[in-house]
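Hello,

I am passing a structure on to you, and you will find it just below. After it come some notes on what turned up, to help you find your way around.

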Amino acid sequence: MLVSACGAPGTAALLRALRENGAREVRLVGTDMGERAVGRHLCDAFHLVPAGSDPAFPAAVREIVEREGVDVVLPQSSFDLEGLAAHREDFPVPVLVSSPETIRRSNDKAACYELLHRIGAPAPEFRRVTGRDGVDRAARELGYPDRSLCFKPVFSSGSRGFRVLDPTVDRAKQLLEERPGSVAMRLEEALELLPEDGLDLLVMELATGGERTIDGIADGKRVVLGHAKTRESMRAGLAMYFVTLYEPGLMELADRIVEALDIEWFLNIQLVGDKVIEVNPRISTVVYQEDLNLPYLGVKRALGEVSDEELESLRSRIRPGRTALRYFDQLEWDT
């Protein structure tokens with residue numbers, strides 16, 4: 001199995017789940033654009049590749065697939081999806097990625113929000129703008145400074161570029177009491193930093209409330225196997241604590257989004273409060289069970305070893321209350 005972006009935060013748990021699948025021995029091949037990816041030390045083979053946005057990326061991965069005798073490709077990063085989707089038919093093995101159009105509409109946050117509103121799914125009110133003046137106008141239209149808002153690039157991943165626009169933010173408190181990297185700032189401060197043009201941004205309603213996600217395996221029409229979970233204890237933009245939920249309403253919402261976007265393979269849908277803020281057509285953090293290994297089941301499905309009907313029959317194994325705590329670990333070696 002080839003796992004891309006094997007320096008991503010969820011890599012160690014994902015590789016362990018694939019290796020400890022309880023059915024067969026597997027050989028793991030990792031790829032990443034950085035030499036210090038943890039997967040370099042956890043996979044059986046490792047290869048440096050161009051960035052996922054590089055036109056040479058798909059061919060580089062395909063060459064590794066052929067050289068290493070890979071049977072299935074499992075991408076981890078949103079940045080790897082577009083290139084692989086555009087060339088998935090060129091690979092001699094299954095590539096667990098949706099169609100190019102699905103990837104484009106999911107990664108383009110404005111297009112995704114427009115679709116969510118069109119199908120009646122709860123999504124934030126937003127404006128798509130370009131540059132500093134566009135942000136200023138959109139913020140005023142959406143009610144700033146009477147209410148807090150947020151903005152982020154139209155194309156982004158992992159909280160990159162996300163900022164809260166809060167007219168009450170205390171800069172002295174941020175400086176003296178908070179860790180570096182606070183995401184809250186006043187609109188005036190943001191306008192000082194933003195370029196005049198050339199940057200597509202979303203200015204949007206600030207969704208509030210608890211965070212939940214829906215994770216699973218989809219067939220383009222529905223979630224074949226999956227569940228909802230909480231997303232808590234944020235650290236450096238990453239959730240560190242999860243609890244599996246029994247939420248039929250969220251699963252019905254996920255089915256509608258899957259069908260509208262034609263999502264295949266793995267998916268991750270994020271909500272804050274009751275608003276859908278992110279749709280990721282890729283694998284994300286998984287809450288593992290000893291009798292329900294979602295990543296490995298996705299691989300088996302790609303290899304034709306398990307049907308969608310068989311996956312659907314496993315829904316009863318999902319255990320609400322199953323909890324996952326992420327933590328920092330480290331490796332040592334002599335150079």
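In which sense do S13 and strand S14 (residues 275-280) pair, and over how many bridges? The two strands are antiparallel, and five bridges join them. Please keep in mind that this is a predicted model.

Strand S13 (264-272) is a good place to start looking. Eight of its nine residues are buried, so S13 is largely enclosed by the rest of the structure. The hairpin that S13 forms with S14 has two residues between the strands, and Gly 273 there takes a positive phi near 60 degrees.

S13 also pairs with S10, again in the antiparallel sense, with nine bridges between them. You can follow Gln 270 across both pairings: Gln 270 is the bridge partner of Thr 213, and Gln 270 also stands opposite Glu 278 in S14.

Next, the empty space. The structure holds one cavity of 30 Å³ or more, with a volume of about 50 Å³. Its lining includes Asp 215, Gly 216, Phe 266, Leu 267 and Arg 282. Strands S10 (211-219) and S13 are the elements that give two or more residues to this lining. By type, the lining residues are five nonpolar, two polar and two charged.

Finally, a look at the rings. Trp 265 has the charged end of Arg 301 over its ring, 4.7 Å from the ring centre. Searching the whole structure for aromatic pairs gives one.

Enjoy exploring, and do write back with any questions.

Best wishes

Key. Residues numbered from 1 in each chain as written. Predicted model: local features only at pLDDT ≥ 70, side-chain atom pairs only at ≥ 80, totals over all residues. Heavy atoms only, no water. 1 Å grid on protein atoms, 1.4 Å probe; cavity = no way out; pocket = protein on both sides within 12 Å on 5 of 7 lines; lining within 4 Å. Points joined across faces, edges and corners; volume = space filled by probe spheres on them. Helix = DSSP H or I, 4+ residues; strand = E, 2+ residues; numbered from the N terminus. Nonpolar A, V, L, I, M, F, W, Y, C, P; charged D, E, K, R; others polar. Phe/Tyr/Trp six-rings, centres within 6.5 Å; stacked < 30°, edge-to-face > 60°. Lys NZ or Arg CZ within 6 Å of the ring centre and 35° of its normal. Buried < 20%, exposed > 50% of the residue type's maximum accessible area, 1.4 Å probe, protein only. Pairing = 2+ DSSP bridges.
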